[in-house]
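Trainee: I would like to learn how to read a model like this one, feature by feature. Where should we begin?

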Amino acid sequence: MGLVDPATESAVNKIIEPTDRIRACTTVNEAARDAKGNVNPAGKRSRGYLAVIVNSRSEVDQALLVLFHRPATPSITALVPLYSDFQLSISQTNASSSSMIALDSSTPVKPGDSLRARFIITLSSPSSDTPIVLLEDEISYLSEIIAEIKRLHALAIQHSFTYESNTSHEWVDNYVLTPANSTAPSLDSQTLAKFDSLAEAYSERGRQASLLPVTGAATWGNDDESERVREELVREQRARWIVEQLKEREDEFTLKENIKVFCSTYNINDKMPKPEDDLSPWIGDVGNAELLVIGFQEFDLSTEALWRYTPTREDAWRTELMKGLGEQAKDYVKICSRQLVGVLLIIFARKDCSQYVSKISASHLATGIMGLVANKGAVSIRLKYKDTWLTIVNSHLAAFAGQVLARNQMVKDTEKFLVFTEGTTVKGLPVDPWVPNLRPEVEKTSASATVFDSHHLVWMGDLNYRVELPRADVLRMTEAKEWDMLLRFDQLKIQQTHKLAFAEFVEAPITFPPTFKFDIGTSTYDTSEKQRTPSWTDRIMWLSIKDEGVKCLEYKSCPEVKMSDHKPVTAMLQVEVSTVVKEKRMRVQHEVMTEREFKSQAASSRLKLHCTETPNLIVTVDQYDNDALPDVKLIPGPSIQFDRAIRYLIPQTQTVEIENVGSVVAQWFFTLKPGATTIAPPWLSISPSSGLLLPGERATVSFTIRVDNLTAPALNFGPRDELNDLLILSIEKKDLFLSVAAREYFPTCFACPLERLARFSEGIRTYSTAQLKAIAAHDSAPFAEDRAKIPRPAGRMLDFLAEYALHVDEIFLVPGDPELVREIRESLDEGDGFPLEKLFPMLETVVSGTASMMDAGMIPDNIHSTGGQELGNGLALQEIEEGDEEASEETSTLRFNTSPFANSTALDPGTPRTLALVQDVGPEEVVADDRSSEEEEEEEKGEADDEVQEPVETDMEADIGALSLSPSIPSRLPAPKKPNATAPPIVHAKIKDDPRRASVAPLSQTLRAKASDLGVLSMGDCFLRWCEALPDPIVPFGLYEDAVKAERREDAYALVERMPMIHSSTLLYIIAFLRVLVQQSTEESEREARLDRLAVVFSTVLLRPDATAPSSPALSTIPLEAIPRRRKQFVLSLLQGEGFESLMGTKKAGFDDVRL
């Protein structure tokens, strides 16, 4: 026979871990043994099932032998891991023995019968208390399996797998023996018992975590493997119900203790320790803690650190930390570290406790520079201490007082996207579904373990939340130690109160001065010209599955340490950990299972008794069977209606309750429709998708519709009411149907192909469904001459950025406000003007003559010319209320109405607004400015002087300590710079004339943001998101390989020549704008640094690989780590290259000429 017996395989699948696989399995005959454990050849043999299981995550095969009975509900009776000391012996019984018996017969062999010798096969290991002993008539059918066992044993010897070394076979702990006196079905018992962790529901948070949510994208098939996965999920739901029942009795099978965890966070401002630096005031007394957790920020801000990791700095700091520990250093050993450029996390364990630390995994997430470069981000380490999971997160969030929303978003991104590979699913099943989840309401991007999949979570770092009070008040209250009053204005406390960030996290009372910002080498708060407001930027918080799971024994700062502009912060935490006594847990679980089975049988007995005592009542077998089946009801009904219109990236959720109205336990789950491969459409997620209910119980199920980049392309050009589906809710022998429907979907210009966007002259929502279908049906049709040469959304955003972003150094590098990004997206989709009153909350109207873009030379003088007449830059101010032509300037709503880049008219057609501040004029009505150049220069000088004398806003200042890449680049210029005569000339792009622009009036007033650049940053953020959402990127998928391989400027130019017209035109316009943006920096070093940053960002949004296509053999020759550099080089070739004018002229990208 082969290695795998199909009949036995189905039984093994009921007990095998998702991370493991079957190497061999077959039926065997287990020998009878006497009271001393010796084989009794005359005893009754029992039919068993032998499986050889290996772990799929191990580089080298690690094997476990499992012997079990009862294939319907497997009961494990023996476990033998294959270590190097494993023993296999085969012996033969005496054929003349008169005590021989027939196979599986209790009748002794009669004298005179033909006798045969039998084979005794013993499989044992010193690490296993229960060997496997088989008694077989022949062993030929076991020859292949025995050969495989010998091969696996040879590997164990070769790699020195031993029980004492504890370097292998950790995964075998997931398998435990079934109690010998178990009479209840053991399916649920084994499913639960194979996990080590407690997973009890200590609180309401734990109860919510007891059901595993599954998104609608989960795929199912009709094959045997999919059926196995489905059955496994049902078993897990039954076992989760058992966990709930065990919570009241967890003291019976757990040993609890408290350990101390010393945590500290320190922003070292890119400093290296010096011999004279004394760290003992900081870490000299760690209280004999079992674990030491040290988090650094701004650990390494060199440009090299962005691309290549070296341990040099970590080694140097670890040496100094050991010196700071003094005599205690000999008691500690490093167990793990993880660095992400400027963020480092190190964990030490006391040597006598290191044996209790296991299953360590580390991860990181970059959240700086649009999430593409790791100047800001988080690192995390997840470990298991005894049977308790502990996760540590070290974060460095966005700087500047006004960046609260950006900090909140970084926290949300970390919660959602920072995952650990030690939790990746195998065949759709979670590796360890019994680990509790601290925040089950947080959306999971995969079934991998997140920072919340833990018993305790500690989050620390330079979180950068500030105190929103004037500096003088903060200094006065700090001197008076009025901590409570100061904390009322602490941004982090405010965000927590409103559940905008770190909801439910606990922080010990703060009784120490603000830890930022100091003059380096002193304990004096910032005396530089910026004089930052003192704030508690450095924090340590925690979240626990139990209300008292973590206690803080001491929370303080270390003012004696003066090497940085921050002070270290430390917290001594007392953490409760547990040890599960597996045997006791199995006993308690068996009692719970027995009670459950008794209740089910009692319900059936009551029905039988009723039938017996009522002989005149006609009750058929079918009626009895139906009454004994589970039954559920949907509340409020079998349909879900989303009344609000569905919008791109804005989730909407509705809930339905499932009630068990039957008399028996009901297991429910959503299942496939005929011919489907997913239980729900990709735009719908269901949480939870399965569960178990006792009679009378209810479960709440959430249904969330969210349209993203994957689902929007089809919906944008389809019927607006096609967001509907029919779901099947299955229970035993019964299916219920649940309809889900949304009233309407609003299309978006995001996730639309460039070819279609180029055909829009207005916002996408101004078109009917029929018009959108017609556009989609003519993708290959030639473009009309009056259509845009670049898509309208891109043109509008680039126009805005050209007007307001040229002197914002952080543009494209710092994320914007998510709410402002949504407002911008809505304006693009509706075709309305941008909401300037929200993008610039504090506006000052100044008389500036012609537009700033034209003054700077960004837009040529004749960009809107008709017949040689010069017009303005296409901006117009208008009121939002229709027909109110007499409204005053103070009450009007300002809108950014049109874009010269978009080749549209000044006022969007069809908008119900009237022009109030600017009237349409013809070319002949434009009055030329006849002032002399000397007068203009004098006026400009006066304006510049006024700007320099304006007071500097505190929340706009750069946090130099947090500036990530090059200290030569200032965070923000105090005033817009005039073009430098010595700087390289600026790109001038001459746009083709458009007769529809003849009525555009010159702009007589411009708006200048004074308080914050957040609106401008949000526009840059929105533009990058638009590029990322394109179904086919600006550099098409088909040319990605050539772009990565293009090492010369000529290769990059040749590739642009091959691109489709709309793609090349859009690319060249973006590059032209970026070239202008770079040239605003007057110093060569500034230009080079800015150029490098922009190339990094845009190399990931302009070109990207097709994730759905197979990997290219040609790309496989390029080292994986070299691809980001190659992509960056492609963008640099266009940004730096000579001959850009000829390239644009060749492509005729809407330009008449380009001057460099």
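Trainee: Is Leu-649 buried, partly exposed or exposed?
Mentor: Relative accessible area decides. This is a predicted model, and in it Leu-649 has a relative accessible area of 29%. Buried would need under 20%, and exposed over 50%. Leu-649 is therefore partly exposed.

Trainee: Where does Leu-649 sit, and what is its phi?
Mentor: Start with the general idea. Most residues other than glycine have a negative phi. Leu-649 has a positive phi of about 65 degrees, although it is not a glycine. Its place is the loop between β22 and β23.

Trainee: What is the phi of Glu-298, and in which loop is Glu-298 found?
Mentor: Glu-298 is not a glycine, yet its phi is positive, about 50 degrees. Look for it in the loop between β9 (291–297) and α7 (312–325). Glu-298 is buried, with a relative accessible area of 1%.

Trainee: Next, peptide bonds. Which bond leads into Pro-636, cis or trans?
Mentor: Most peptide bonds are trans. The one from Ile-635 to Pro-636 is cis, with omega near 10 degrees. Pro-636 is in the loop between β21 and β22 (639–642).

Trainee: And what about the bond from Ser-687 to Pro-688?
Mentor: That bond is cis, with omega near -10 degrees. Pro-688 lies in the loop between β25 and β26 (690–693).

Trainee: β21 and β25 have come up. What is the strand order in their sheet?
Mentor: Read a sheet by order, then by pairing sense. The order is β21-β23-β27-β25. The sheet is open, has 4 strands and pairs in the antiparallel sense.

Trainee: Which strands stand at the edges?
Mentor: β21 (632–635) and β25 (684–687) do. Each has a single partner strand, so one side of each is left without a neighbour in the sheet. From one strand to the next, the twist averages 25 degrees.

Trainee: Over how many bridges does β21 pair with β23?
Mentor: β21 and β23 (residues 652–660) are antiparallel partners over 4 bridges. Take one register point: Ile-635 stands opposite Glu-657 in β23. Ile-635 is also the residue before the cis bond to Pro-636.

Trainee: Now helices. What describes a packed pair?
Mentor: Two things: the angle between the axes and the distance between the axes. Try α17 (residues 792–804) and α22 (residues 1014–1029). They pack at about 150 degrees, with axes 10 Å apart. That makes α17 roughly antiparallel to α22. The crossing of α17 and α22 is left-handed.

Trainee: Which residues of α17 and α22 meet?
Mentor: From α17, the contact includes Pro-793, Met-797, Phe-800 and Tyr-804. From α22, it includes Val-1016, Met-1019, Phe-1023 and Trp-1026. The residues of this contact divide into 12 nonpolar, 1 polar and no charged.

Trainee: How does α18 cross α22?
Mentor: The axes of α18 (residues 818–830) and α22 come within 9 Å and cross at roughly 60 degrees. This crossing is right-handed. In α18, Leu-820, Val-821, Ile-824, Arg-825 and Leu-828 make the contact. Their partners in α22 include Leu-1014, Ser-1018, Asp-1021 and Arg-1025. Here the division is 7 nonpolar, 2 polar and 3 charged.

Trainee: What surrounds Leu-463?
Mentor: For a buried residue, check the area, then list the contacts. Leu-463 has a relative accessible area of 0%, so it is buried. It is found in the loop between β17 (456–462) and α9 (471–479). Beyond its neighbours within four places in sequence, its contacts include Ser-395, Arg-407, Phe-502 and Arg-539. Leu-463 and Arg-539 are 76 residues apart in sequence, yet 6.7 Å apart in space, C-alpha to C-alpha.

Trainee: Is Ser-264 buried or exposed?
Mentor: Ser-264 is buried, with a relative accessible area of 0%. It lies in strand β8 (residues 254–267). Not counting residues up to four places away, it touches Trp-282, Met-460, Ile-540 and Pro-568, among others.

Trainee: What do the totals say about the protein chain?
Mentor: The chain has 28 helices and 35 strands. Of its 1156 residues, 55% are buried. Take contacts between residues at least 6 apart in sequence: 76% join residues at least 24 apart.

Terms used
Residues numbered from 1 in each chain as written. Predicted model: local features only at pLDDT ≥ 70, side-chain atom pairs only at ≥ 80, totals over all residues. Heavy atoms only, no water. Pairing = 2+ DSSP bridges. Helix = DSSP H or I, 4+ residues; strand = E, 2+ residues; numbered from the N terminus. Axes fitted to C-alpha atoms, helices over the stretch in contact; angles between N-to-C directions. Parallel < 35°, antiparallel > 145°, perpendicular 65-115°, else oblique. Left-handed = near helix turned anticlockwise from the far one by under 90°. Contact = heavy atoms within 4.5 Å. Nonpolar A, V, L, I, M, F, W, Y, C, P; charged D, E, K, R; others polar. Buried < 20%, exposed > 50% of the residue type's maximum accessible area, 1.4 Å probe, protein only.
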